[in-house]
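Let us go through some structural labels one by one. Each label is set against its cut-off.

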Amino acid sequence: ESGSISFFNAEVGEFWYRLHLTADRPEPTALPTMECPVGQRTTHMLQIENPVDEEIRVSSSVTQLHNFVLRPANFTIAPFSTTEVALDYIPSSIGHTDAAVIRFVSSVAGEWVFHTQGIGSAPSEAPPVEVTCPVGRMRIHNFPFRNPFPDPLRVSVTLRDTATHPGTFELRLKKPSDVVVAASTTLSIPLVYTPHAVADDSAVVCVETSRANMAKLVWTFPIKGIAEVL
């Protein structure tokens, strides 16, 4: 592109310059390493800026879709505006570095490139889940446990019930031990909550497994039961 710029002074006159402008492709951006317990996901927000005076459409690509996901993958950006895109990292191993190259492309504004990597760690406690139910009634809550590994996983599911009244929580799995969960699939764990009195009850669902050359892995899902009066 070309343009011009001028400087004017009443005593010495005007200085005028012709400009020839060339936009270079930006260097790839290296993102911080993402760390996440296996079985969960962590998110890094990316900012994509539209430098032109018209709305642009942006598409994306990821070289490693098994562990990295963009939300949204395709979008538009208003003139001279910025939008945020969520980059999710979902580890499928422990202690191994996963890497990917992310590209955003616009036919008008060009290309943005990011280099990312992530490392999975041992399972940690999941965020607490609240289950509400009227006193004397029953409510079933299904916990989704996803096998994060690329091979089948043999697990056992147990319940630690710390509620005031015994039997407030109950697992309804037909086979709670030696359950085989296929690679990258989800096991639905039904939990029954039957409050006997107005109280805040709690329990923990534990999913345990042992893998070759690795210590026992335990995923814990805290539950908070909230009894209501009709």
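Q: Why is Leu31 called buried or exposed, whichever applies?
A: Leu31 has a relative accessible area of 13%. Buried means under 20% relative accessible area, exposed over 50%, and partly exposed in between, with a 1.4 Å probe and protein chains only. Therefore Leu31 is buried.

Q: What kind of model is this, and how are residues numbered and side chains treated?
A: This is a predicted model, in which local features need pLDDT of at least 70 and side-chain atom pairs count only at pLDDT 80 or more, while totals for chains, interfaces and linings use all residues. Residues are numbered from 1 along each chain as its sequence is written, and side-chain values use heavy atoms, with hydrogens and water left out.

Q: Where does Leu31 lie, and what is it in contact with?
A: Leu31 sits in the loop between β3 (29-30) and β4 (34-37). Strands are DSSP runs of E, at least two residues long, and helices are runs of H or I, at least four; both are numbered from the N terminus. Contact means heavy atoms within 4.5 Å. Leaving aside neighbours within four places in sequence, Leu31 contacts His44, Leu46, Leu87, Phe114, His115 and Thr116. The C-alpha atoms of Leu31 and Phe114 are separated by 6.8 Å, with their positions 83 residues apart along the chain.

Q: What makes the pair of Phe104 and Phe114 stacked, tilted or edge-to-face?
A: A pair of aromatic rings is described by the distance of the centres and the angle of the planes. Rings of Phe, Tyr and Trp (its six-membered ring) pair if their centres lie within 6.5 Å; planes under 30 degrees apart count as stacked, over 60 as edge-to-face and the rest as tilted. The structure holds eight aromatic pairs. In this one, the centres are 6.0 Å apart and the planes stand at 85°, so the pair is edge-to-face. Phe104 is in strand β10 and Phe114 in strand β11, 10 residues apart. Ring pairs also link Phe75, Phe104 and Phe114 into a cluster.

Q: How do you know whether Phe104 and Phe114 are buried?
A: Phe104 has 0% relative accessibility, so it counts as buried. Phe114 has 8%, so Phe114 counts as buried too.

Q: Which side chains of β10 point to the buried face?
A: Asp98, Ala100, Ile102, Phe104 and Ser106 point to one face of β10 (residues 97-106) and are buried. Thr97, Ala99, Val101, Arg103 and Val105 point to the other face and are not.

Q: What makes β10 and β11 a pair?
A: Two strands pair if DSSP finds at least two bridges between them. Here 10 bridges join β10 to β11 (residues 110-121), and the strands run antiparallel. Ile119 in β11 is the bridge partner of Thr97. The two strands form a hairpin with three residues between them. Strand β6 (residues 56-62) also pairs with β10, in the antiparallel sense, over four bridges. In that pairing Ser59 stands opposite Val105.

Q: Why is Asn67 counted as buried or exposed, whichever applies?
A: Asn67 is at 2% relative accessibility, so it counts as buried. Asn67 lies in the loop between β6 and β7 (68-71).

Q: What joins the side chains of Asn67 and Ser92?
A: A polar contact of 3.0 Å joins them. A polar contact is a pair of N or O atoms within 3.5 Å; within protein, one must be able to donate a hydrogen and the other to accept it, and residues adjacent in sequence count only if both atoms are side-chain atoms.

Q: Why is Ser156 called partly exposed?
A: The relative accessible area of Ser156 is 27%, so Ser156 falls in the partly exposed class. Ser156 lies in strand β14.

Q: What makes a nonpolar core, and which members of the largest one touch the most others?
A: A nonpolar core is a set of buried Ala, Val, Leu, Ile, Met, Phe, Trp, Tyr and Cys residues joined through side-chain atoms within 4.5 Å. The largest has 28 residues, of which Ile189, Val205 and Trp219 touch the most other members. β19 gives the most to this core, with five residues. A second, separate core of 20 residues includes Ile48, Ile56, Ala100 and Phe114.
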